[in-house]
Amino acid sequence: MSSGTPRGKKKRKTMEDELLSGENDNIAADRKRGAKFYIKKTLKYIFYAVIAAAWISVLLVIILRRDNPLVKTPVLSDSARAAFEADPEGFELYHVYPKEFMSEEGAFQLKECVYAPVPGEYEIGLRIAWTQLRYCKDCGRLYTPDQLEQQKKYDEEDDKRSCVASGHELVRASGTDRGVKFRVFDSKGNEYENVNCVTRTKDVNFGIIAIKYEYLRISYGGLYFELGDNIINRESSVSRAGSDETVTQGGASETESSGTRYFLEIYDAETDDRLFVTCIYDNDTAIDDEEYEIPDKDYLS
Ligand SMILES: [Zn+2]
């Protein structure tokens with residue numbers, strides 16, 4: 001026992017030293033670990049914040065880009081609605097599907113076009129993305145993204161009117177007070193009267209996220225289509241008969257099957273420059289039955 005005491009003391013001493021030095025090491029290591037820990041933690045929070053910001057902006061864009069319900073709600077003119085109320089059973093409505101329903105990039109986009117044969121009315125739902133249109137500060141002209149893309153193909157020598165080639169200052173048209181006008185005409189040279197127009201605007205600008213949409217329902221009167229010649233009715237008559245003769249007949253009339261073609265033109269209200277034109281109906285344009293109901297009072301002027 002006595003012989004073991006000094007050794008034990010010595011051992012205790014070294015153990016204490018070890019403990020002490022170990023403690024110092026631990027403190028240093030802790031500090032190191034602490035710094036690492038906080039850097040790691042901060043990075044983690046930054047990472048989460050970036051992910052959250054990305055998600056919030058994606059959601060924001062989705063919410064902001066959501067269409068105003070007006071653009072898909074057939075409204076029609078007062079007289080067309082009166083015709084519907086007088087005889088709801090005899091009032092037909094067709095959903096029309098124009099083949100080219102938007103300009104490239106979607107600066108102009110047709111939505112839920114309808115045709116009511118009884119009052120002879122055609123109504124176009126239209127969304128205009130004003131933030132996609134450009135305005136030239138030097139010549140005061142409006143452009144769609146695809147028109148500017150076209151201008152890039154020419155240099156100043158080839159096309160003196162090319163704002164891109166001339167290095168003109170192009171700004172977002174949403175920041176200007178410029179407007180557009182519409183015209184509906186046919187391949188025989190007739191122009192049709194605008195009988196109703198309802199609009200709504202969504203204008204939000206957060207700097208990075210700027211959105212200005214204009215939603216319209218524009219109706220035109222005096223359009224009487226030969227629905228019996230429409231592709232839908234022609235196809236069903238072919239399949240009903242099923243004989244070669246009928247198919248040949250259908251094929252023979254194919255060249256002039258499209259009949260009178262109807263167009264919508266969108267142009268700059270100030271300079272009359274054409275911005276977009278598309279065929280809104282011919283016999284080859286698909287149509288589909290649709291139910292009409294009187295729209296929300298809010299949309300009735
Ligand atoms: Zn210009």
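**Strand 3 and its surroundings**

Trainee: Which residues of strand 3 point one way and which the other, and are they buried or exposed?

Mentor: E121, E123, G125, R127 and A129 point one way from strand 3, while Y122, I124, L126 and I128 point the other way. Residues of both groups are buried. Please bear in mind that this is a predicted model.

Trainee: Is there a general reason for that back-and-forth pattern?

Mentor: In a regular strand, side chains alternate between the two faces of the sheet.

Trainee: How many residues of strand 3 are buried?

Mentor: Nine of the nine residues in strand 3, which spans 121–129, are buried, and the strand is described as mostly covered.

Trainee: Which strands pair with strand 3, and in what sense?

Mentor: Strand 2, residues 108–116, pairs with strand 3 in the antiparallel sense over seven bridges. Strand 9, residues 210–221, also pairs with strand 3 in the antiparallel sense, over eight bridges. To fix the register, F108 stands opposite I128 in strand 3, and Y122 stands opposite Y220 in strand 9.

Trainee: What connects strand 2 to strand 3?

Mentor: The two strands form a hairpin with four residues between them. In that turn, G120 has a positive phi of about 65°.

Trainee: What does strand 1 pair with?

Mentor: Strand 1, residues 93–97, is joined by five bridges to strand 12, residues 286–290, and the two run antiparallel. Strand 1 also pairs with strand 2 in the antiparallel sense, over three bridges. Y94 stands opposite D289 in strand 12, and V96 stands opposite C113 in strand 2.

Trainee: V96 caught my eye. Which residues have the most contacts inside the largest nonpolar core?

Mentor: V96 is one of them, together with V114, Y115, I128 and I280. That core has 42 residues, and strand 2 gives the most to it, with six residues. As background, nonpolar side chains tend to be buried together in soluble globular proteins.

Trainee: What does V114 touch, leaving out residues up to four places away in sequence?

Mentor: V114 touches P74, L93, Y94, H95, V96, E123 and E290. Of these, E123 belongs to the strand 3 residues already mentioned.

Trainee: Changing topic to helix 2. Which of its residues are buried?

Mentor: In helix 2, residues 78–86, A80, R81 and F84 are buried. They cover an arc of only 100° around the axis, so they are on the same side of the helix.

Trainee: And what is on the face turned away from the buried side?

Mentor: That face carries the exposed residues D78, A82, E85 and A86.

Trainee: What covers the buried residues of helix 2?

Mentor: The cover includes strand 2 and strand 3.

Trainee: In what order do strands 4, 5 and 6 form their sheet?

Mentor: They form an open sheet in the order 5-4-6, with antiparallel pairing. Strand 5 (142–143) and strand 6 (170–172) stand at the edges, each with a single partner strand, so one side of each is left without a neighbour in the sheet. Strand 4, residues 134–136, is joined to strand 6 by three bridges. The bridge partner of R134 in strand 6 is R172.

Trainee: Where does C136 lie, and what does it touch?

Mentor: C136 lies in strand 4. Not counting residues up to four places away in sequence, C136 touches R141, Y143, C163, H168 and L170. C136 and A173 are 37 residues apart in sequence and 8.6 Å apart in space, C-alpha to C-alpha.

Trainee: Why does C136 count as partly exposed?

Mentor: Because C136 has 18 other C-beta atoms within 10 Å, whereas a buried residue needs 20 or more.

Trainee: What about I208: where is it, and is it buried or exposed?

Mentor: I208 lies in the loop between strand 8 (191–205) and strand 9. I208 counts as exposed because it has 6 C-beta neighbours inside 10 Å. I208 and S57 are 151 residues apart in sequence, yet 9.9 Å apart in space, C-alpha to C-alpha.

Trainee: To finish, how many helices and strands does the protein have, and what share of its residues is buried?

Mentor: The secondary structure comes to five helices and 12 strands. Buried residues make up 22% of the 301 residues. Among the contacts with a separation of 6 or more, 69% are accounted for by residues 24 or more positions apart.

Note on methods. Residues numbered from 1 in each chain as written. Predicted model: local features only at pLDDT ≥ 70, side-chain atom pairs only at ≥ 80, totals over all residues. Buried ≥ 20, exposed ≤ 12 C-beta atoms within 10 Å, placed from the backbone. Pairing = 2+ DSSP bridges. Contact = placed C-beta atoms within 7 Å. Arc of directions from axis to C-beta. Core = buried A, V, L, I, M, F, W, Y, C linked by C-beta atoms within 7 Å.
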